[in-house]
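Hi,

Here is the structure I promised to pass on. Have a look at it first, and then read my notes underneath.

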Amino acid sequence: MSIRCRLRHVAILLSLVPGAVPADDFAMTEVAPGIFVHEGREVGIQDPARGDSANIGFIVGTKCAAVIDPGGSIATGRRLRDALRARTTLPVCYVIDTHVHFDHLLGNAAFSVDRPSFVGHAELPAALAGSRDYFLEEFAKELEGVPTDAAIVVPERTVQGEQRLDLGEREIVLVANPTAHTNCDLTVYDAKTQTLWASDLVFSGRLPVLDGSLRGWLRWMDENEARPYQRVVPGHGPATLPWPAGARPQHDYLAKLLGDTQAAVKAGTFLEDAVQAAAAAPPPGWRLTEPHARNTSRAYRELEWQ
Ligand SMILES: [Zn+2]
């Protein structure tokens with residue numbers, strides 16, 4: 001047996017021992033003092049590893065910790081909880097859901113045992129109600145067959161405008177944004193380290209998925225561009241990005257999508273033809289480009305009535 005093979009064998013054995021998780025198996029990066037991010041895998045919605053495909057993590061104060069997105073499955077949420085527990089014994093005061101997409105919030109139930117306050121955008125409960133049947137059917141494995149009521153935790157504390165949460169010598173500012181990536185995008189700003197947890201308002205390395213408003217998303221990017229963030233935590237990609245340079249490719253993509261769609265609408269191109277052209281020519285420089293055709297369809301429907 002080669003050394004590599006033997007190491008792999010040991011890793012497999014370790015993974016079978018309850019509680020014995022190899023140290024690097026669920027890597028966390030401390031991107032700023034007290035801010036920990038786990039980078040999700042770069043896989044699409046059909047991949048068996050989809051439950052661990054978003055950037056998730058937590059922020060620790062002197063009084064308690066706040067989880068920001070528990071991940072796309074209860075198992076991922078549990079691993080994040082283990083990672084948190086390995087770093088602090090403080091209570092988990094809040095579990096903050098940045099938006100309605102499965103890869104960010106289906107892990108909520110892993111934290112129910114901590115009795116935190118689950119927090120989301122004011123539009124999130126309705127969005128979750130709309131996705132509930134789809135989640136239960138399509139993500140039964142990620143929800144581990146938990147009875148319906150306990151499987152999908154709906155935030156009881158919602159944010160309209162802005163809300164400040166005190167973690168002890170550390171205040172985080174939650175902002176409920178107008179429709180952009182989705183209609184329920186919540187950002188978290190840590191004033192102490194000038195870190196913006198943007199979640200899926202910023203993608204890096206893979207194609208941004210439009211599920212809200214193209215104009216709204218570009219507006220959000222333009223309004224935030226000049227803000228003095230030291231770093232931004234994107235929803236997909238590396239644990240942090242420099243701001244605003246790290247989001248420039250996304251801005252260019254969205255701006256081009258807007259221009260191309262406006263031109264197609266003006267030229268009287270049929271929606272089907274525009275979508276077909278988009279599917280045939282995904283933009284260069286991105287991985288997981290499959291949603292480009294759907295983005296085009298969404299953009300077209302948003303713009304054709306304007
Ligand atoms: Zn998303």
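Before the notes, one term: a crossing of two helices is called left-handed if the near helix is turned anticlockwise from the far one by less than a right angle, and right-handed if clockwise. Also, this is a predicted model, in which local features need pLDDT of at least 70 and side-chain atom pairs count only at pLDDT 80 or more, while totals for chains, interfaces and linings use all residues. Residues are numbered from 1 along each chain as its sequence is written. Helices (H or I, at least four residues) and strands (E, at least two) are DSSP runs, numbered from the N terminus.

Let's start with that crossing. Helix α6 (residues 214-225) passes α7 in a left-handed way. The two pack at an angle of about 145°, with their axes 10 Å apart. (Axes are lines fitted to C-alpha atoms, for helices over the stretch in contact, and angles run from 0 to 180 degrees between N-to-C directions.) From α6 the contact takes L214, W217, L218 and M221, and from α7 H251, L254, A255, L257 and L258. Contact here means that the C-beta atoms of two residues, placed from the backbone, lie within 7 Å. By type, these residues are 8 nonpolar, 1 polar and no charged. The classes are Ala, Val, Leu, Ile, Met, Phe, Trp, Tyr, Cys and Pro as nonpolar, Asp, Glu, Lys and Arg as charged, and the others, Gly among them, as polar.

Now the sheets. Strands count as paired if DSSP finds at least two bridges between them. One open sheet has 7 strands in the order β1-β2-β3-β4-β5-β6-β7, with mixed pairing. Its edges are β1 (29-32) and β7 (157-159), each with a single partner strand, so one side of each has no neighbour in the sheet. Strand β6 (residues 117-121) pairs with β7 in the parallel sense over 3 bridges, and V119 stands opposite R157 in β7. Helix α2 (residues 74-85) lies across β2 (35-38), β3 (56-60) and β4 (65-68), at about 150° to β4.

The other open sheet has 5 strands, ordered β8-β9-β10-β11-β12, again with mixed pairing. Here β8 (162-166) and β12 are the edge strands, each with a single partner strand, so one side of each is left free of a neighbour in the sheet. Strand β10 (residues 186-190) runs antiparallel to β11, joined by 3 bridges, and Y189 stands opposite L196 in β11.

What about the inside? The largest nonpolar core (buried Ala, Val, Leu, Ile, Met, Phe, Trp, Tyr and Cys residues joined through C-beta atoms within 7 Å) has 75 residues, and A65, A66, V67 and I96 have the most contacts inside it. Strand β11 (residues 195-203) gives the most to this core, with 6 residues. Leaving aside neighbours within four places in sequence, A66 has contacts including F58, Y94 and L165.

Finally, some backbone oddities. Most residues other than glycine have a negative phi, and most peptide bonds are trans. D69, in the loop between β4 and α2, has a positive phi of about 65°. D69 counts as buried, with 34 C-beta neighbours inside 10 Å. (Buried means 20 or more other C-beta atoms within 10 Å of a residue's own, exposed 12 or fewer, and partly exposed in between, with C-beta atoms placed from the backbone.) R115 also has a positive phi, of about 50°, but R115 is exposed, with 9 other C-beta atoms within 10 Å. A cis peptide bond joins W243 and P244, with omega about 0°; P244 is in the loop between β12 (231-236) and α7 (248-266).

Cheers
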